[in-house]
Amino acid sequence: MRRTLLTVTSSLPVATALLAPLPALAQQTSQPDETASTDDDDFHRNGGIIVTAPFVRDLSILAGTSEISGDTLAREARAQIGDALTKLPGVSATSFTPGASRPVLRGFQGERIRVLTDGIGTIDVSNTSPDHGVTVEPIILDRIEVLRGPAVLLFGGQAVGGAVNAIDKRIPREVPEEPFHFDALATYGSAADERSIGASLDVPLTSKLVLHIDGSYRKSDDLEVGGFVLSPALRAEQREIAAEERAEGNLEEAAEAEELAGLRGRIPNTGTETYSFGAGLAYIGEGGSFGISGSYYNSLYGVPERPGAGHHHGEEEEGGAGGEEEEGPVTIGLDQIKVDFRGQVDLPGFFEALRLRAAYADFKQTEFEGDEVGTVFRNNGIESRLELVQRERGGWRGASGVQYVHRDFSAIGAEAFVPPNTTDQVGIFTLQEVRLGQIELEGAGRYDRVVVKSQDVGVERRFNSYSFAAGLAYLPTDQLRIGVNLNRAQRAPAAEELFSNGPHIATQAFEIGNPDFTTEKSWGGEAYIRYSTPDVNLSLTGFYNRFDDFIIDVPTGLEEDELPVFQFIQNDAKYYGVEAEASVVFARAGSFKFIADGVADYVHASLDGLGPVPRIPPLRLLGGLEAQSDVLNLRAEVEWFDDQERNANFETPTEGFTLVNASASWKPFGASRGVTLIASANNIFDVVGRRAASFTKDFAPLGGRDFRVSARFSF
């Protein structure tokens, strides 16, 4: 067993990184969640995760929190963090390609979602475009937390849609009492012939000093699908092209179009290869702790091609024919070197602790067109947070802090659609909570000063953003919580929204920004009711957001450089929706308990005067039955997606589909021996599914039938 820290060193947004994990699905209650996974390793006890940060344990303003860990994370882990979270309420994914998929929360994506590692931004460029991968390897994570609702303004006004916090173990939080602690996960998936393995080792060098080492490797081939690769609309378009080419006597072009229309089985150019490694060292003492880590992440993945989105580079440099040279298949290679620091000093008196979290990263992404280098993106960044946590006094507690972010971005190449630019952001925030009997009151505020400039275009913009949140919760019993949260948030435009002006080969679009954009403003609110007992967990949340000067890229129907033009605009918008989840233990027999659970979510989003917001997930329903014991878990589930017929201009409808999945996990040597074998069958009936939130849905559907086996070790 391990000796747990008395006070965990934390990341610094008021606590998400510290959010020492709430019970599964974050039921805001002090009772154990007996319906949670029965993982029983050094990180999980009695179905919940060891809570080591009392300040955030019951913080009700974080009422929109859910998380996955343990065997569930091992079963759902994919190449990208977005695809690992899609069964949680309110969560979808961009699913651009298996190598690039970012979370979509309540219909929001891109700049409005922050993806964090232990409370600090990933410092990559995944937020700037859906073709850019996230530099997080899910198979080496301890858990992933998803935050929705007003509290996420503590990460910045831009996180109005929510935040995803990936917790790794690179900076140790505790000292193993054994000579070493080892964790590993190995997985094989049939749909893409995917092979992956990740492992970590923690070694106590002294009674207060811990060394951590980890590494991972993943390789997959082109993704197999259950039917036609192209959507019905694109297949019809290719058949029309074939008929026209045949009538003009272009038999070769006609045959190519017919081949595209009939393409099925696998999506070309969707293979991936990723590896990572890291090491950390932490000092853990009675009065505080300090740690540092370094890591490297490298990924190479293919980008599927949109039929008809041809693009040329102009005159051939060799051969003298004056013709045009077409690009080859697009692949993306990215790598990142990152250094992280986390420290905490325990304090006497009014304040309980001073916490610091900081990171530096050097990121590089290369877009290859065939064997040629197309465009190289570089991003050097620093992010840091300093937080003072108040000691609880008479039911009042809180935390306040400052945050600094620096981003130096450049794109070099013939298709550098964004000029070099820098962004500097300084934020000040506070969160306060008071408990008065059965009433809880919360208040939060944040100020950000953001400077975005590009010397190449001679533009410098300065923005002041003010964000506020307030929450009221009523607890008539220990099992029931009823609450309302309200927030006012502002977001400064991102550099890509201001300065884009050129062809982007990976998204196969010509993107145009506007340097005159103003700050995006929103009013939002949510009402929720939550009920939790050892056998029943119920949650229902409704939310509404109203935006002034909402920034979004929309297709114009025009072409530039043989690519469709996407223009960033500002327009008022509104989002509203509902999320529900339930879990009920309906029977027990011997060592087994039988659980029925379900998830439902829906988002409605519109641009004033322009119609629906593009790429919004449809109504989704998920239901499952599970038999749980200490050594064996069996699960079957059905996930249904409605048609998405509320579409923006030039956006195609998305047909609904149903996925049927089953899984089993077994601890062959007993619940406490640290070995788990997992087998799952996903999309058993091999249907073709397309995510409405995906930019590539019409030519890159979800994977077909996929049999997966995993082995998880912890000892």
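Let me start with a network of salt bridges that links Arg75, Glu76, Lys87, Asp597, Glu626, Arg635 and Glu637. Keep in mind that this is a predicted model. Side chains of opposite charge can pair when their charged atoms come close. Across the whole structure, a search finds 47 salt bridges.

I will go through three pairs. First, arginine 357 and aspartate 118 meet through their side chains, at 3.6 Å from N to O. Arginine 357 sits in strand β22, residues 351–369, and aspartate 118 in the loop between β7 and β8, so this salt bridge ties together parts that are 239 residues apart in sequence. Are these two buried or exposed? Arginine 357 has a relative accessible area of 2%, so it counts as buried. Aspartate 118 is buried as well, also with 2%.

Next, lysine 219 pairs with glutamate 273, with 3.8 Å between the closest N and O atoms. Strand β14 holds lysine 219 and strand β17 holds glutamate 273, so parts 54 residues apart in sequence are tied together. Lysine 219 is partly exposed at 27% relative accessibility, and glutamate 273 is partly exposed at 29%.

The third pair is lysine 338 and aspartate 340, joined in a salt bridge. Both residues are buried.

Now the nonpolar side. The largest nonpolar core has 30 residues, and Ile81, Leu85, Ile144, Phe550 and Tyr575 have the most contacts inside it. Strand β32 gives the most to this core, with five residues. A second, separate core has 20 residues, among them Tyr301 and Val418.

Last, the surface. Glu237, Glu240, Glu244 and Glu248 gather there in a patch of negative charge. Glutamate 237 belongs to helix α3, residues 232–247.

Key:
Residues are numbered from 1 along each chain as its sequence is written. This is a predicted model: local features need pLDDT of at least 70, side-chain atom pairs count only at pLDDT 80 or more; totals for chains, interfaces and linings use all residues. Side-chain values use heavy atoms; hydrogens and water are left out. Patches are made of residues with over 30% relative accessible area and no salt bridge: like charges are joined within 9 Å, nonpolar side chains (Val, Leu, Ile, Met, Phe, Trp, Tyr) within 5 Å. Accessible areas come from the Shrake-Rupley method with a 1.4 Å probe; for residues, only the protein chains shown count as cover. A salt bridge is a side-chain nitrogen of Lys or Arg within 4 Å of a carboxyl oxygen of Asp or Glu. Lys and Arg count as positive and Asp and Glu as negative; His and the chain ends are not counted. The place of a charge is taken as NZ of Lys, CZ of Arg, CG of Asp or CD of Glu. Helices (H or I, at least four residues) and strands (E, at least two) are DSSP runs, numbered from the N terminus. A nonpolar core is a set of buried Ala, Val, Leu, Ile, Met, Phe, Trp, Tyr and Cys residues joined through side-chain atoms within 4.5 Å. Buried means under 20% relative accessible area, exposed over 50%, partly exposed in between (1.4 Å probe, protein chains only).
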